[in-house]
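Please look over the sequence and the model before reading on. This report then goes through a few residues, one packing of helices and two pockets.

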Amino acid sequence: MTVADLRFINLVAARRFAGAQPGPIDEGALESVLSGSADGTPFARAAALAAAVVRRGVVASAPLHTAVLAMHCSLRLDGFSLLTPQGVLAAMIRGLAAGGEVDAMARWLRDRAVPSASGG
């Protein structure tokens, strides 16, 4: 995933869920987010990416929605689809934003992700 990808994900989240144009984005922080979530399993990477988006304030508009979409995209790039009710996912993201453990989120993702039909 690239900074441009995260910028686009935030654009979609801001327009769709916040009903507005995205606010300012710290591109340096986005690069840091991406480099900090590059290691580990696909689930660890997706959890680290979502945590960084919601905790570091790298996007001004729709950070929770941006984190959810980025996490889905990250898993999809690794060949997985996430199967979970939206309300449960929203609660997990809010918990992550409030300081929940990234490792716990990664385990939760592992238990709810399935290989995608297209394989990637």
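Leaving aside its neighbours within four places in sequence, which residues is Ile9 in contact with? In this predicted model, the residues that Ile9 touches, apart from those within four places in sequence, are Met1, Thr66, Leu69, Ala70 and Cys73. Ile9 itself belongs to helix H1, which covers residues 3-18. One of these partners, Ala70, stands 61 residues away from Ile9 in sequence, yet the two C-alpha atoms are 6.6 Å apart in space. Ile9 counts as buried because its relative accessibility is 7%, and buried means under 20%.

**Two further buried residues and one partly exposed residue**

Ser74 is a residue of helix H4, and with a relative accessible area of 8% Ser74 is buried too. When neighbours within four places in sequence are left aside, Ser74 is in contact with Met1, Arg45, Ala46 and Leu49. Met1 is therefore named among the contacts of Ile9 as well as among those of Ser74.

Ala62 lies in the loop between H3 and H4, where its phi is near 50°, a positive value in a residue other than glycine. With 12% relative accessibility, Ala62 also counts as buried.

Val102 is found in helix H6, which spans residues 102-112, and at 24% relative accessibility Val102 counts as partly exposed. Its C-alpha is 9.5 Å from that of Ala46, although 56 residues separate Val102 and Ala46 in sequence. Beyond the neighbours within four places in sequence, Val102 is in contact with Ala47, Ala48, Ala51, Arg55 and Leu96.

**The packing of H3 and H5**

Two packed helices are described by the angle between their axes and the distance between the axes. For helix H3 (residues 42-56) and helix H5 (residues 86-97), the axes come within 9 Å and cross at roughly 65°, and the crossing is right-handed. On the side of H3 the contact is made by Ala47, Ala50, Ala51, Val54 and Arg55, while H5 brings Ile93, Leu96 and Ala97. Sorted by class, this contact has seven nonpolar residues, no polar ones and one charged residue. Of the residues in this contact, Ala47, Ala51, Arg55 and Leu96 also appear among the contacts of Val102.

**Two pockets**

Rolling a probe the size of a water molecule over the atoms shows where empty space is left. The table sets out the two pockets by volume and by the classes of their lining residues.

| Pocket | Volume | Lining residues by class |
|---|---|---|
| Largest pocket | about 400 Å³ | eight nonpolar, four polar, one charged |
| Second largest pocket | about 160 Å³ | five nonpolar, two polar, two charged |

The largest pocket is lined by 13 residues, and those closest to its centre are His65, Val68, Gln86, Leu89 and Ala90. Helix H4 (63-77) and H5 each give at least two residues to the lining of this largest pocket.

Around the second largest pocket, the lining is made up of Met1, Leu34, Ser37, Ala38, Arg45, Leu49, Ser74, Leu77 and Asp78. The elements that supply two or more residues to this second lining are H3 and H4. Ser74 is thus part of the lining of the second largest pocket, and Met1, Arg45 and Leu49, which belong to the same lining, are among the residues in contact with Ser74.

Methods. Residues numbered from 1 in each chain as written. Predicted model: local features only at pLDDT ≥ 70, side-chain atom pairs only at ≥ 80, totals over all residues. Heavy atoms only, no water. Axes fitted to C-alpha atoms, helices over the stretch in contact; angles between N-to-C directions. Helix = DSSP H or I, 4+ residues; strand = E, 2+ residues; numbered from the N terminus. Left-handed = near helix turned anticlockwise from the far one by under 90°. Contact = heavy atoms within 4.5 Å. Nonpolar A, V, L, I, M, F, W, Y, C, P; charged D, E, K, R; others polar. 1 Å grid on protein atoms, 1.4 Å probe; cavity = no way out; pocket = protein on both sides within 12 Å on 5 of 7 lines; lining within 4 Å. Points joined across faces, edges and corners; volume = space filled by probe spheres on them. Buried < 20%, exposed > 50% of the residue type's maximum accessible area, 1.4 Å probe, protein only.
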